[in-house]
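Work through the exercises below with the structure in view. Try each task before you read its solution.

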Amino acid sequence: MQQEATPFTPADARHRLVDVPGGRIHLVEQGTGPLVLLVHGFPELWYSWRHQLPALAAAGYRAVAIDVRGYGRSSVPDDVDAYRIGAHVEDNVAVVRALGAQRAVIVGHDWGSTIAADSALLRPDVFTAVGMLGVPYAPRGGMRPSDAFAMIGGDEEFYVRHFQEPGRAEAEIQPDVRAWLAGFYATLAGDTGPASGDGAVFFVPKGGRLSDRFVAGRPSWVTDDELDFCAGEFERTGLTGALNRYRCMDRDWEDLAEWDGAPLTQPSLFVAGELDASIAWLADAVEAFPTTLPGLVSSHLVEGCGHWVQQERPDEVNRLLTDWLRTLGTP
């Protein structure tokens, strides 16, 4: 089904709704050629790829950015179980099939990086290469995630545990979605966040809120109008669908038992901002790349950049993506 474009849609891009086993996925596509599926993270939308869609199209690819289930114009199931990793993998496979393709390169940022990696892990017949932005690949390990998170932070609470409690983060965010998004984006951005990627932003003060450590204002890479658009989408859908990804982490750990410690063997790419605080607490995952990503083509840290790498440094990320894609034997 063709959808009406938003005012922020890149020129020549098309909106569509496609059927998937769990409902419908909204996507925006631009260009023709080999399919590149772009998967956003939290709290983002298809729109976080607005700079990559025209660049990939110009390079000879069919670039497709989705609203992940629970976000934007895609279906928002009520059941937490509907957000298990297998459901997201099924969505991605169904999108590829709905677009008339058999295979695709998949690229993700933040939670989308994990979804992209697990899509390639579970369905290597469909996803022939994987690009990961911001969050490195980390195979399923021996400790249940909730047990690991409980050991982090001392007197303070790791942000994932904060997000996992039903209703708690919603109560913090939804009274003023726009202000919360602006603070979250700014705090994890390279130009406005704490110096040296201070990891304290990932911890909730005792009796406080995650937003207590947010910096003021908004980052330079998102305009007021763009922030209004993103906030409007989340105000319409609420945040529960997006937060349910965090609430499925133990379920994912159970579902991926067969792939415990499994390497991701397809050709891969990793790109992150050097000031991204998550790189510090996921440093062991990056160091393990020779074992966990035997097909790694290249890995890059973008100088002066924070967490929102494809939005903060679109030109550099576009170059890295197209250079990597060409190594795969595509245009």
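**Exercise 1. A partner for R144**

Task: Decide whether R144 is buried, partly exposed or exposed, then find which side chain it meets in a salt bridge.

Solution.
- Step 1. Take the relative accessible area of R144, which is 26%. R144 is therefore partly exposed, because that class runs between 20% and 50%. Keep in mind that the model is predicted.
- Step 2. Look for the partner. R144 pairs with E254 in a salt bridge, at 2.9 Å from N to O.
- Step 3. Place both residues. E254 sits in helix α10, while R144 belongs to the loop between β7 (127–133) and α4 (145–150). They are 110 residues apart, so the pair links distant parts of the chain.
- Step 4. Check E254 too. Its relative accessibility is 40%, so E254 counts as partly exposed.

**Exercise 2. The two bridges of D81**

Task: Find which residues form salt bridges with D81, and state how far apart the atoms are.

Solution.
- Step 1. Start with R84. The closest N and O atoms of D81 and R84 are 3.0 Å apart.
- Step 2. Go on to R251. Its side chain meets that of D81 in a salt bridge of 2.6 Å, N to O.
- Step 3. Locate this second pair. D81 lies in the loop between β5 (62–66) and α2 (85–98), and R251 in helix α10 (residues 249–255). The pair therefore ties together parts that are 170 residues apart in sequence.
- Step 4. Classify the three residues. D81 has 33% relative accessibility and counts as partly exposed. R84 is partly exposed at 22%. R251 is partly exposed at 28%.

**Exercise 3. From pairs to a network**

Task: Name the residues that salt bridges with shared partners join into one network.

Solution.
- Step 1. Recall the pairs. D81 bridges to R84 and to R251. E254 bridges to R144.
- Step 2. Join what shares partners. One network holds D81, R84, R144, R251, E254 and D255.
- Step 3. Set this against the total. The structure holds 25 salt bridges.

**Exercise 4. Helix α7**

Task: Work out whether helix α7 is largely enclosed or largely open, and find what covers its buried residues.

Solution.
- Step 1. Count the buried residues. Helix α7 (residues 177–187) has eleven residues, and nine of them are buried.
- Step 2. Name them. They are V177, W180, L181, A182, G183, F184, Y185, A186 and T187.
- Step 3. Draw the conclusion. With nine of eleven buried, α7 is largely enclosed by the rest of the structure.
- Step 4. Find the cover. It includes α5 (159–164), α6 (168–173) and α8 (224–237).

**Exercise 5. Two surface patches**

Task: Find which residues make the negative patch and which make the nonpolar patch.

Solution.
- Step 1. Take the negative patch. E274, E303, D315 and E316 form it.
- Step 2. Place E274. It lies in the loop between β10 (268–273) and α11 (277–281). At 41% relative accessibility, E274 counts as partly exposed.
- Step 3. Take the nonpolar patch. M143, M151 and I152 make it, and its area is about 300 Å².
- Step 4. Place M143. It is in the loop between β7 and α4. M143 is partly exposed, with a relative accessible area of 44%.

**Exercise 6. Sequence against space**

Task: State how far apart E90 and V20 are in sequence and in space.

Solution.
- Step 1. Locate E90. It lies in helix α2.
- Step 2. Compare the separations. E90 and V20 are 70 residues apart in sequence. In space they are 7.6 Å apart, C-alpha to C-alpha.

How values were computed. Residues are numbered from 1 along each chain as its sequence is written. This is a predicted model: local features need pLDDT of at least 70, side-chain atom pairs count only at pLDDT 80 or more; totals for chains, interfaces and linings use all residues. Side-chain values use heavy atoms; hydrogens and water are left out. A salt bridge is a side-chain nitrogen of Lys or Arg within 4 Å of a carboxyl oxygen of Asp or Glu. Buried means under 20% relative accessible area, exposed over 50%, partly exposed in between (1.4 Å probe, protein chains only). Helices (H or I, at least four residues) and strands (E, at least two) are DSSP runs, numbered from the N terminus. Contact means heavy atoms within 4.5 Å. Patches are made of residues with over 30% relative accessible area and no salt bridge: like charges are joined within 9 Å, nonpolar side chains (Val, Leu, Ile, Met, Phe, Trp, Tyr) within 5 Å. Accessible areas come from the Shrake-Rupley method with a 1.4 Å probe; for residues, only the protein chains shown count as cover. Lys and Arg count as positive and Asp and Glu as negative; His and the chain ends are not counted. The place of a charge is taken as NZ of Lys, CZ of Arg, CG of Asp or CD of Glu.
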